[in-house]
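I'm opening a fresh page for this one. My plan is to pick a few spots, look each one up and jot down what turns up.

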Amino acid sequence: MTDHDDTCTLCGLPTPDPPVTASDGSVDGEYCCRGCMEVARTLDDPESVDADPADDLDTGPDVEDADGEAAFLSVSGMHCATCEAFVESQATDTEGVRAASASYPTETLKVTYDPERVDRGDVLDAVDGLGYSASERDDEADDDQSEVGRLLVGGFFGMMTMLWYVLFLYPAYLDVPSAAHLLDLQGLAGSYLLANVWLMATVVLAYTGYPLFRGAYVSLRAGHPNMDLLVAIAAGAAYLFSTVTVLTGGREVYFDVAIVVVLAVTVGDYYEGRVKRAAAGRLADLTEERVDDATRRSAGGGTETVPVDDLRPGDEVVVVAGERVPVDGTVAEGTATVDESLVTGESTPVGKEPGDDAVGGAVVTDGRLVVTVGEDAASTLDRVVRVLWDVQSARPGVQRLVDRVAAVFVPLVFVLAGLAGGWHFLAGGAAANEALLVGLSVLVVSCPCALGLATPLAVARGVKEALDAGVVVTDASAFEAAPEADTVVFDKTGTLTTGEMRVRDVVGDDRVLARAAAVEQYADHPVAAAITDGAAPAGDVDDFERVPGRGVAGSLAVRPDGARTDETAPVDAAGGAAVLAGNRELFADRDWRVPERYAERASEARANGNVPVLVGWDGEARGVVVAGDRPRDEWQAVVTDLAADGRDVVVLTGDDPEAARQFREHDAVAEVFAGVPPEGKTEVVRSLRADGDTVAMVGDGVNDAPALAAADLGVALDHAALAADAADAVVTTEDLAAVPRIFELTDATNGRIRQNLAWAFLYNAIAVPLAVAGALNPLFAAGAMTASSLLVVGNSTRSLLDWGGSGGETGAGEVESS
């Protein structure tokens with residue numbers, strides 16, 4: 001660990017002492033690793049890119065610069081930018097809250113507050129109410145049940161109301177000759193019927209329509225008129241007009257219009273909400289890999305279990321095989337093999353010994369380490385999670401088209417309704433109630449049911465077709481961002497490669513792999529698993545020995561009759577065949593000879609990003625087993641297809657440059673950045689976006705999550721861990737060939753959205769002038785509105801693409817020879 005305060009110019013991590021710099025002066029700054037320096041060398045002016053990945057987003061009132069304790073809360077009930085602004089204002093109006101930033105797609109509120117002046121519970125109470133439900137992330141409740149209840153109640157009373165209309169009111173309004181014989185609206189029975197209709201309409205508006213009226217109130221409070229306001233005014237005006245009509249003895253009421261408006265919009269919102277809940281995971285449920293407790297050495301020489309938050313710089317923590325390193329630090333005692341792939345993305349296990357850095361979140365696969373806690377007593381994994389929270393709680397840069405036009409459309413409709421009613425009353429000589437009906441018709445016919453359904457229904461269709469093909473779309477903004485993407489950034493490990501160790505090469509005779517498997521079958525690390533998958537063990541092993549950071553040793557077992565399980569093996573003094581499998585240090589420790597050709601092959605394999613395992617018996621190395629991360633079969637076709645569509649392909653990896661050589665040499669790959677830490681990946685994405693590119697990021701694993709969240713479009717090739725929560729689309733089949741199909745699907749869905757919106761605007765362009773002219777009464781206006789909505793629904797349910805078959809699967813346990 002470092003003992004100074006210098007940080008990396010690119011990613012903001014602490015730099016070593018001395019820091020990494022460009023000796024030829026080709027790039028300014030000090031860096032934590034060569035990977036960050038190479039990224040800075042390629043990208044222009046790295047110092048202009050701030051280390052905070054959320055700074056280029058609108059995060060509310062200086063939420064990133066405010067001093068205090070940060071908290072991430074869940075707020076359900078938000079469904080537009082107006083809701084974000086209102087929730088933020090409710091939070092910042094609370095004494096002690098210094099800043100707040102809300103995000104309705106992820107239902108997240110980030111607040112920065114002074115814990116000495118306000119409790120988190122007070123912040124929750126300030127936001128909770130008016131239909132918004134605020135809670136801690138771990139206490140989130142599913143609102144689906146309450147929404148279903150609203151729809152069931154509204155649907156039941158709505159159908160009962162429409163039954164009265166169909167049987168009695170519509171025939172009377174249309175002067176059907178037999179209508180008078182069914183029911184006399186002017187009599188007591190008519191009054192009783194209208195009272196029932198009024199009561200049922202009141203239930204529908206007050207209970208089912210509550211979220212709409214809440215949204216309208218919020219939009220007025222926030223000063224941002226939205227579609228909820230127009231819907232609420234249309235439904236509320238029809239209801240109030242009809243209520244006054246009933247109280248004054250009139251019989252031509254439009255409760256049906258109010259009910260149709262409320263139910264149509266509520267069903268659309270519910271459908272959209274279902275899509276979001278089904279697709280978006282909860283980050284709090286996906287951070288289970290973080291370490292909560294640590295085993296700390298006590299002053300008396302023993303150990304004690306303490307919360308990670310209680311660790312202080314200089315404390316010594318004990319980490320045994322199978323456990324995660326709780327915080328960043330330096331190895332004080334012991335040797336072990338460590339898997340850092342969750343944090344760094346580097347697929348190759350790393351040996352650790354005293355003096356080496358230990359990364360918080362890495363897993364000790366064998367051996368035992370004592371780690372001295374570093375200066376900041378923090379975990380790299382925790383920093384990755386925190387960066388992801390920051391990005392996801394930032395205000396999204398893309399809003400639905402209907403939200404963008406609402407600020408113009410809503411006021412315009414109100415003006416038109418008022419002018420139309422006033423013109424008919426003042427200039428046309430119409431009675432006051434007739435003029436009111438004209439204004440009401442304008443409001444009803446302009447009610448944006450089709451406009452409101454245009455996006456969520458088309459998105460729902462796209463989500464469904466994606467699900468059928470093994471792709472989960474978690475954020476509707478993907479349908480806007482994907483067609484515009486001109487740069488696609490791929491993580492290497494686990495994305496362009498399988499992310500699993502396989503035997504790549506075996507140097508030596510047929511006994512090498514089998515004997516390696518015999519001793520590795522008792523080990524617990526990725527390379528051992530690859531070797532045992534590649535061949536059946538030569539037999540059982542006696543006197544098994546695990547040498548942390550070096551390898552394993554053992555003797556092939558002897559059967560009861562005295563014969564060895566492998567009759568061709570030489571015999572040691574104990575009567576068994578002694579076998580070593582590990583690195584050169586293991587052979588040197590035992591004074592075993594390593595022939596030059598095996599040493600050279602091991603060095604070459606390591607230079608190429610693979611893991612060489614020397615295998616020997618009878619006092620010398622007899623061969624080399626090379627294990628490595630295998631590229632996916634379809635990777636070349638995928639990057640070629642994307643490049644053919646005019647997109648630049650960039651590859652990022654935490655591995656050494658040699659491990660990415662084959663990707664750099666491919667004609668379709670524009671750039672490769674190797675040795676890049678998680679924070680550096682995020683900076684690459686942000687730098688590309690700063691250059692004006694629309695960036696799609698494809699990755700997997702926790703280390704990719706901040707970069708996925710920072711990209712315009714994030715695609716995760718894994719349905720678990722933080723990557724899935726940060727992504728806009730998740731490929732659950734781990735079929736890389738699905739990535740180009742995602743772009744095809746989102747493009748088709750975006751086109752369908754535009755078709756729906758075009759029809760919705762065309763409908764308004766025709767229907768609104770008719771209503772202004774007085775050619776439509778509210779009943780026919782409601783009919784036209786319903787017909788327009790049905791056309792949008794029908795268009796949205798049509799198939800988008802013929803996905804065909806998915807790419808083939810690769811076999812497991814294959815041994816590749818070079």
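**Entry 1: a buried threonine.** Before I start, I need one cut-off: a residue counts as buried when its relative accessible area is under 20%. I also remind myself that I'm looking at a predicted model. I went to T208 in helix 6, which covers residues 188–208. Is T208 buried or exposed? Its relative accessible area is 1%, so T208 is buried. I then listed what T208 touches, skipping residues up to four places away in sequence: R150, V153, G154, V203, V262, L263 and T266. With R150 I could be more specific, since its backbone oxygen lies 2.8 Å from a polar atom of the T208 side chain.

**Entry 2: arginines over rings.** I stayed with R150 for a moment. R150 also lies over the face of Y207, at 5.0 Å from the ring centre. Elsewhere I noted R515, whose charged end sits over the ring of W617, 4.2 Å from the ring's centre.

**Entry 3: confidence.** I wanted to know how far to trust what I see. The chain averages a pLDDT of 76, and 77% of the residues score at least 70. Where is confidence lowest, and where is it highest? Helix 11 (residues 380–393) is at the bottom with a mean of 50, while strand 19 (residues 611–617) is at the top with 93. Over residues 46–64 the pLDDT is below 50, and I count 56 contacts for this stretch in the model beyond near neighbours in sequence. Residues 803–818 also stay under 50, and the model has 34 contacts for them beyond four places in sequence. I'm marking this in the margin: where pLDDT is low, the predicted coordinates should not be read in detail.

**Entry 4: strand 3.** How many of the residues of strand 3 are buried? I get 6 of the 6, over residues 108–113, so the strand is largely enclosed by the rest of the structure. I checked which way the residues point: T108, K110 and T112 go one way, L109, V111 and Y113 go the other way, and all are buried. For a partner I found strand 1 (residues 69–76), which pairs with strand 3 in the antiparallel sense over 6 bridges. Across that pairing, E69 stands opposite Y113.

**Entry 5: aromatic pairs.** The structure holds 8 aromatic pairs. I looked up one of them, Y239 with F255, which is edge-to-face, with 5.7 Å from centre to centre and 65 degrees between the planes. Y239 belongs to helix 8 (residues 227–247) and F255 to helix 9 (residues 255–279), so the pair ties together parts that are 16 residues apart in sequence. I find both Y239 and F255 buried.

**Entry 6: positive phi.** A general note to self first: most residues other than glycine have a negative phi. So which residues did I write down here? D543 has a phi near 55 degrees, a positive value though it is not a glycine. D543 is in strand 16 (residues 541–547) and is exposed, at a relative accessible area of 58%. D591, again not a glycine, has a positive phi of about 60 degrees. I place D591 in the loop between helix 19 (584–589) and helix 20 (596–607), and with a relative accessible area of 70% it is exposed.

**Entry 7: contacts across the sequence.** D486 sits in the loop between helix 15 (478–481) and strand 14 (487–491). Its relative accessible area is 29%, so I log D486 as partly exposed. G646 is 160 residues away along the chain, yet the two C-alpha atoms are separated by 7.1 Å. Not counting residues up to four places away, D486 touches G646, R647, D648, D693 and T694.

Next I took S441, in helix 13 (residues 432–445). S441 counts as buried, at 1% relative accessibility. Which residues is S441 in contact with, leaving aside its neighbours within four places in sequence? I wrote down A771, L776, N777, P778 and A781.

Last came A784, in helix 27 (residues 778–796). A784 is partly exposed, at 26%. The C-alpha atoms of A784 and A767 are separated by 7.8 Å, with their places 17 residues apart along the chain.

Conventions. Residues numbered from 1 in each chain as written. Predicted model: local features only at pLDDT ≥ 70, side-chain atom pairs only at ≥ 80, totals over all residues. Heavy atoms only, no water. Helix = DSSP H or I, 4+ residues; strand = E, 2+ residues; numbered from the N terminus. Buried < 20%, exposed > 50% of the residue type's maximum accessible area, 1.4 Å probe, protein only. Pairing = 2+ DSSP bridges. Phe/Tyr/Trp six-rings, centres within 6.5 Å; stacked < 30°, edge-to-face > 60°. Lys NZ or Arg CZ within 6 Å of the ring centre and 35° of its normal. Polar contact = N/O pair within 3.5 Å; in protein donor to acceptor, adjacent residues only side chain to side chain. Contact = heavy atoms within 4.5 Å. pLDDT = per-residue confidence, 0-100.
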